[in-house]
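Biologist: Before we talk about any labels, could you show me the model and then take me through the reasoning behind each one?

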Amino acid sequence: MDSNNQQIAIIGGGLTGLAAAFYLQRKIEEEHLPYRVVLIESSDRLGGKMQTVERDGFVIERGPDSFLARKKSMTQLAKDVGIEGTIVPNSTGQSYILIDDELLPIPGGAVMGIPTEISPFIKSRLFSPAGKVRAAMDLVLPRSKETGDQPLGPFLRRRLGDEVVENLVEPLMSGIYAGDLDQLSILSTFPDMLETEQKHRSLILGTKKNRSRKEAPKTEKDVKKTDHRIGMFRTFEKGLQSLINAIEAQLPPEMVRKNLAVESVTKQAQGYTIELSNGEFMQAAAMIVTTPHQAIPHMFPDYSFFKPFQHMPSTSVATVSLAFDEQAVKQDINGTGFVVSRNSPCRITACTWTHKKWPHSTPKGKVLLRCYVGRPGDEGVVDLSDEEIVQLVLKDLNHIMNITEEPQFSVVSRWREAMPQYKVGHISTLRKVESLMNVELPGVYLAGASHKGVGMPDCIDQGVAAVGKVLNHMKQQANVEKELASMR
């Protein structure tokens, strides 16, 4: 392979791009590969939505605040960059659903809103007697005849009824996708639910069996390790941005180029020419594209198969963190937070009592509340001024909490078109795009939240998978060139 064409470009410096850059560079060093890596980021910082503010002793997340412990790639990456020891679990406590200005406890045993324990479900005031009877029909209903992709909402309504979906399942899932369940693809979001129904017939019984199997300790050693006081979520003592900082510190400084956008990509006889926003032209033998899907058709204007990305929707949301002295919050509630039913008049969609869920984040004697606004049909709230959003949030909070003072300070973070919505057919569309890319754009690979999972571990997994594809492509190209050279 031409020594001038051994550069691999990674477009986008969010978590996916950073994970790809880190593991690709490590592979190059371990195997003494003759490749160079360049990471191109359009903003002045890396990490995408993973942004942490440290102020007056508070640790405040602007974007996501945690990751699932059971998905191991985030913990592995933290270990690989040397900060595994700073991981902290969330404190457990009761979580609630807000319905008609009343906080009602989430029933014990609910797995993404699917009841797996009878007693907490029967006792819950989240549902009427008729709603409980309707949900119990899942135990006798036949399997769905439709086994392909379908909207998540209608699937769940068929199994559990409207009340359980609207008062429990939808509020819990909105924190992940901030989308409309009646539009989201089940195969792209919760394929396990469809598989569970097909295997066990009952979604409730199947989820219960799956949960029991996952939680059952295999050995006496596992029993000793099990501590149900430890929550299922994790973060870092200094916030999620500390992981971003640790990854960046491991990368060669010359690898990372910030404040540069990709204007276009042009295929050449060998590799690609990348036009940058500063007028520079860069050569690359292969590329990993981790940008949001909206940017891809603009970077590859000559390829019509990217057009579906222009029509793929994204939801706009905002997070609002409010810091108080503890005496300002007169009605203290024992728990870690609540999510809001769509039937509620509130415009906030959720609230985390951060000082209780993450005690390390808040100085003693202080309270930190973090609220979310923005959902399909109410995305205009994100465009209000900081003051308007803060007052809106305080008004909603005071329906259930007696807050007597203005916050010491607030941090409002807007994420416009930042939550990709996987609509029905997303997987088949992505497969078609990737199939055509293999033919028309060999050596170019897509990864990131717009494609195969929005969670941070999902993004890392996609970045790692793309690294494997790129290295395989580079080796194949080298073999082809060797064969051609031997024939000359």
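Biologist: Which residue follows H5, and what is the sign of its phi?

Modeller: The structure is a predicted model, and in it H5 is followed by Gly161, whose phi is positive, near 90°.

Biologist: What makes you describe H5 as largely enclosed by the rest of the structure?

Modeller: A residue counts as buried when its relative accessible area is under 20%, and Leu152, Gly153, Phe155, Leu156, Arg157, Arg159 and Leu160 fall in that class within H5. These are seven of the nine residues of H5, so the helix is largely enclosed by the rest of the structure.

Biologist: Why is Lys132 called buried?

Modeller: Lys132, which lies in helix H4, has a relative accessibility of 16%; because the limit for buried is under 20%, Lys132 belongs to that class. Setting aside residues up to four places away in sequence, Lys132 touches Phe121, Ile122, Lys123, Ser124 and Phe127.

Biologist: How do you know that the side chain of Lys132 makes a polar contact with the backbone oxygen of Ile122?

Modeller: The side chain of Lys132 reaches that backbone oxygen at 2.5 Å, and because a polar contact needs a suitable pair of N or O atoms within 3.5 Å, the pair qualifies.

Biologist: Is Pro107 buried or exposed, and what decides the matter?

Modeller: Pro107 sits in the loop between strand S8 (102-105) and helix H3 (118-123), and at 9% relative accessibility it counts as buried, because the class takes values under 20%. Leaving aside neighbours within four places in sequence, Pro107 is in contact with Pro120, Phe121, Ser124, Leu126, Phe127 and Leu168. The C-alpha atoms of Pro107 and Leu126, 19 residues apart along the chain, are separated by 8.7 Å.

Biologist: Why is Leu139 called partly exposed?

Modeller: Leu139, in the loop between helix H4 (129-136) and helix H5 (152-160), has 36% relative accessibility; because partly exposed covers the range between the 20% and 50% limits, the label follows. Together with Met137, Val140 and Leu205, Leu139 makes a nonpolar surface patch of about 340 Å².

Biologist: What makes S10 and S20 edge strands?

Modeller: Five strands form an open sheet with parallel pairing, in the order S10-S2-S1-S14-S20. Strand S10 (256-257) and strand S20 (444-446) each have a single partner strand, so one side of each is left without a neighbour in the sheet.

Biologist: How do you know that S14 and S20 pair?

Modeller: Two strands count as paired because at least two bridges are found between them, and strand S14 (residues 286-289) and S20 share three bridges in the parallel sense. The bridge partner of Ile288 in S20 is Tyr445.

Notes:
Residues are numbered from 1 along each chain as its sequence is written. This is a predicted model: local features need pLDDT of at least 70, side-chain atom pairs count only at pLDDT 80 or more; totals for chains, interfaces and linings use all residues. Side-chain values use heavy atoms; hydrogens and water are left out. Patches are made of residues with over 30% relative accessible area and no salt bridge: like charges are joined within 9 Å, nonpolar side chains (Val, Leu, Ile, Met, Phe, Trp, Tyr) within 5 Å. Accessible areas come from the Shrake-Rupley method with a 1.4 Å probe; for residues, only the protein chains shown count as cover. A salt bridge is a side-chain nitrogen of Lys or Arg within 4 Å of a carboxyl oxygen of Asp or Glu. Helices (H or I, at least four residues) and strands (E, at least two) are DSSP runs, numbered from the N terminus. Buried means under 20% relative accessible area, exposed over 50%, partly exposed in between (1.4 Å probe, protein chains only). Contact means heavy atoms within 4.5 Å. A polar contact is a pair of N or O atoms within 3.5 Å; within protein, one must be able to donate a hydrogen and the other to accept it, and residues adjacent in sequence count only if both atoms are side-chain atoms.
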